[in-house]
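Please open the structure in your viewer and keep the selection panel at hand. The stops below go from one selection to the next and say what is there.

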Amino acid sequence: MIALPANPWQVMMTTIRDIVPETPGVQTYALTFDDAAARYSFLPGQFNMLYLPGVGESAISVSSDPGDTTKLRHTVRAVGNVTRAMEKLRPGDKLGVRGPFGTAWPVDEFRGKDVVVVAGGLGLAPLRPAIYHLIRHRADYGRVTLLYGARSPTDLLNETEYEAWRAGGIDVQPIVNVAPESWRGAVGFVTAPLATVPLDPTRTGVFTCGPDVMMRFVAEGAVNRGVPANRVFVSLERNMNCAVGLCGHCQFGPTFVCKDGPVLPFDRVRQLMLVENF
Amino acid sequence: MIGTAPGAYSWLPKSALQGLFDRLRELGYEVVGPRVADGAVTLGEITSLAELPAGVRDEQEPGKYRLTVIEGGGYFDHVVGPHSLKPFLFPPRTTVLQVLRVRDSWVAHTPEPPRPKRAVIGVRSCDLHALAIQDRVFLGGPHRDPEYAARREGLFLVAVNCGRSAATCFCVSMDTGPAVTGGADLILTELPDGFVVRVGTEGGGNVLAGLDCRECTPAELAEAESVPKRAASQQTRRLNPATVHDTLMNNLQHPRWDDAAKRCLSCANCTMVCPTCFCSTVNEVTDLAGEQTTRERVWESCFNEEHSWTGSGAVHPTTKTRYRQWLTHKLATWIDQFGSSGCVGCGRCITWCPVGIDLTEEVAAMEGSRE
């Protein structure tokens with residue numbers, strides 16, 4: 001396990017190595033630690049607090065390969081104070097990091113079994129480390145499927161990597177809500193392929209991340225296919241401030257999303273996810 | 001020779017109470033106690049008996065707090081004011097990180113938290129229970145709060161058994177008072193001529209040893225026992241801690257939430273005076289040149305819209321959803337998280353609510369009718 005810092009507020013400084021534009025308003029920041037001796041590792045699905053001095057912090061899932069921490073990547077939509085200020089940064093600029101925090105996709109629990117990954121929009125970013133992990137340890141798993149829904153083809157994240165992922169043994173199935181005539185792929189909601197994809201409910205884990213409503217339908221869809229609700233995992237988004245369960249912002253019923261989550265078994269949150277604005 | 005082992009009782013004459021202040025100050029403690037300020041009994045540094053609110057009684061009702069003075073009354077006739085132990089351990093404003101620009105980068109360091117030696121006199125049973133709850137929040141998880149831990153170490157507590165209840169008190173139903181059962185170094189029960197002092201800890205015994213005490217008479221002990229019983233008998237409000245969890249969690253769509261939201265101003269007063277509410281947020285405070293940044297942690301409240309802000313909007317965008325978050329957390333999901341209710345029945349949220357919303361009434365309304 002990763003040792004906890006004595007003081008949860010301590011920040012490690014990093015340098016931005018490159019910034020890759022993804023979809024409109026979304027960029028991926030690759031960071032390296034300034035302290036070469038920094039021993040940082042993370043589990044797929046965990047998040048960091050990214051810190052811009054004078055502006056503030058934002059909770060962002062790590063979206064890179066957990067097997068390679070020489071460049072730590074975060075895929076960020078510019079939507080709040082901090083992320084909009086980050087948008088103005090250039091390679092060479094500094095960012096602070098606290099982390100990693102939170103729970104991980106239970107990749108070990110499904111060793112020897114099948115995994116269906118269901119992502120919506122930017123929800124692919126927190127799942128990407130799990131995809132890299134599954135590819136890296138491909139022989140340890142049975143069938144691995146990625147169902148990825150986005151609004152339109154231009155909203156598909158990491159499109160250039162899908163071929164490599166397929167070559168790595170993952171059945172990648174993108175689907176978009178609206179498409180121009182040039183689009184040759186599937187059109188509709190990501191719940192549609194989930195209803196028909198080959199799936200043995202006795203040996204399958206489902207990992208899903210996206211907007212709350214999408215995750216609810218995906219998780220219920222998986223349950224309808226016979227997958228037990230405790231083998232369906234969602235990654236919740238809530239306001240994060242301290243990231244260590246002390247500030248109260250991220251509470252969702254009995255759950256502190258920052259330390260009990262963000263990755264949670266669906267049976268634990270199923271009832272409360274039905275209550276609007278809870 | 002008086003008993004100074006935990007559990008021992010002695011008699012401290014009223015005239016000797018000043019000795020307790022002096023002894024604590026000799027031992028290096030800042031002495032904090034109740035005094036009248038801004039029309040309320042609040043906690044602050046005091047050096048002498050004369051500063052205690054002798055004869056002051058607080059009349060409390062939903063949305064109402066008034067002081068009256070009774071000639072010849074006791075030092076601790078008041079009940080609880082807007083302050084609790086919370087600000088002394090979890091300050092309303094504190095620095096968690098300091099960041100300096102050095103050439104093209106930043107150097108960040110976490111300041112060493114202060115370790116004050118502080119004695120608080122007059123702490124009530126409800127607030128001792130609240131302290132135990134905050135200990136679980138700030139020290140019981142995988143990440144300990146460094147500031148809270150540092151301030152907790154040097155805390156010396158002189159508790160007082162309540163001799164009266166305010167109309168807003170309901171500690172009896174929460175099993176958190178009014179009699180002090182533990183968690184303090186010394187426990188006082190005020191009688192007309194002096195105090196029955198019970199030793200709570202070894203440290204408390206050491207402080208007591210230097211004071212002008214004698215053994216208690218059986219009559220004094222018997223009278224002291226009746227003091228918190230008198231306070232208990234005055235309480236009319238109640239919650240049922242055995243059923244409140246399910247009452248709320250099975251009624252998340254109850255129309256009473258809309259009703260409460262029509263009255264609630266979302267002002268956050270209840271969360272500020274609550275001795276267990278622990279929400280905070282960190283603000284960036286920078287100098288004009290942008291060379292220095294201080295990350296300040298300040299009290300926050302689930303009644304503020306920005307509290308639940310995410311990239312896709314506020315999770316709790318309305319007063320109804322914020323009031324529901326507060327009450328369900330306080331009375332229900334707190335039990336799931338920490339093994340006890342987040343409420344100690346002190347009644348502060350009722351008194352200090354500007355529109356007098358009474359959580360015991362809100363729960364009762366949902367108890368009586370299922371959604």
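Begin where the two chains of this predicted model meet: select chain B and chain A together, and you will find 39 residues of chain B in contact with 35 residues of chain A. On the chain B side, the elements that give two or more residues to this surface are strand 6 (93-102), strand 7 (105-109), strand 12 (280-286), strand 13 (292-299), strand 14 (309-310) and helix 11 (319-338) of chain B. If you colour that side by residue class, it shows 16 nonpolar, 19 polar and 4 charged residues.

Next, hide chain B and look at chain A as a whole, whose secondary structure comes to 6 helices and 15 strands. Its C-alpha trace spans about 50 × 45 × 40 Å along the principal axes, and its radius of gyration of 18 Å agrees with the value near 19 Å that a compact globule of 278 residues would have. Buried residues make up 50% of the 278 residues in chain A, and, among its contacts between residues at least 6 apart in sequence, 70% join residues at least 24 apart.

Now select residues 212-224 of chain A, which form helix 5; for its 13 residues, 1.5 Å a residue gives an expected span of 18 Å, and the end C-alpha atoms are indeed 18 Å apart. Which residues of this helix are buried? They are A:Met214, A:Met215, A:Val218, A:Ala219, A:Gly221 and A:Ala222, and because they cover an arc of only 160° around the axis, they lie on the same side of helix 5 of chain A. An α-helix has 3.6 residues a turn, so residues three or four places apart point the same way.

Add the surroundings of that buried side to the view, and you will see its residues pack against strand 7 (114-120), helix 4 (191-196), strand 11 (204-209), strand 12 (232-235) and helix 6 (266-273) of chain A. Turn to the face directed away from the buried side of helix 5 of chain A, and the exposed residues there are A:Val213 and A:Asn224. Just after this helix, select A:Gly226, which takes a positive phi of about 100°.

Finally, bring chain B back and select B:Met366, which has its place in helix 13 (residues 359-368) of chain B. Is this residue buried or exposed? B:Met366 is buried, since 21 other C-beta atoms lie within 10 Å. Leaving aside residues up to four places away in sequence, B:Met366 touches B:Thr247, B:Leu248, B:Asn251, B:His254 and B:Arg256. As a last selection, add B:Gly74, which is 292 residues from B:Met366 in sequence and 40 Å from it in space, C-alpha to C-alpha.

How values were computed
Residues are numbered from 1 along each chain as its sequence is written. Chains are lettered from A and ligands numbered from 1 in the order in which they are written. This is a predicted model: local features need pLDDT of at least 70, side-chain atom pairs count only at pLDDT 80 or more; totals for chains, interfaces and linings use all residues. Helices (H or I, at least four residues) and strands (E, at least two) are DSSP runs, numbered from the N terminus. The expected span of a helix is 1.5 Å times one less than its number of residues. A residue is buried if 20 or more other C-beta atoms lie within 10 Å of its own, exposed if 12 or fewer, and partly exposed in between; C-beta atoms are placed from the backbone. The arc is that of the directions from the helix axis to the C-beta atoms. Two residues are in contact if their C-beta atoms, placed from the backbone, lie within 7 Å. Ala, Val, Leu, Ile, Met, Phe, Trp, Tyr, Cys and Pro count as nonpolar, Asp, Glu, Lys and Arg as charged, and the others, Gly among them, as polar. The radius of gyration is taken over C-alpha atoms; the globule rule is 2.2 Å times the number of residues to the power 0.38.
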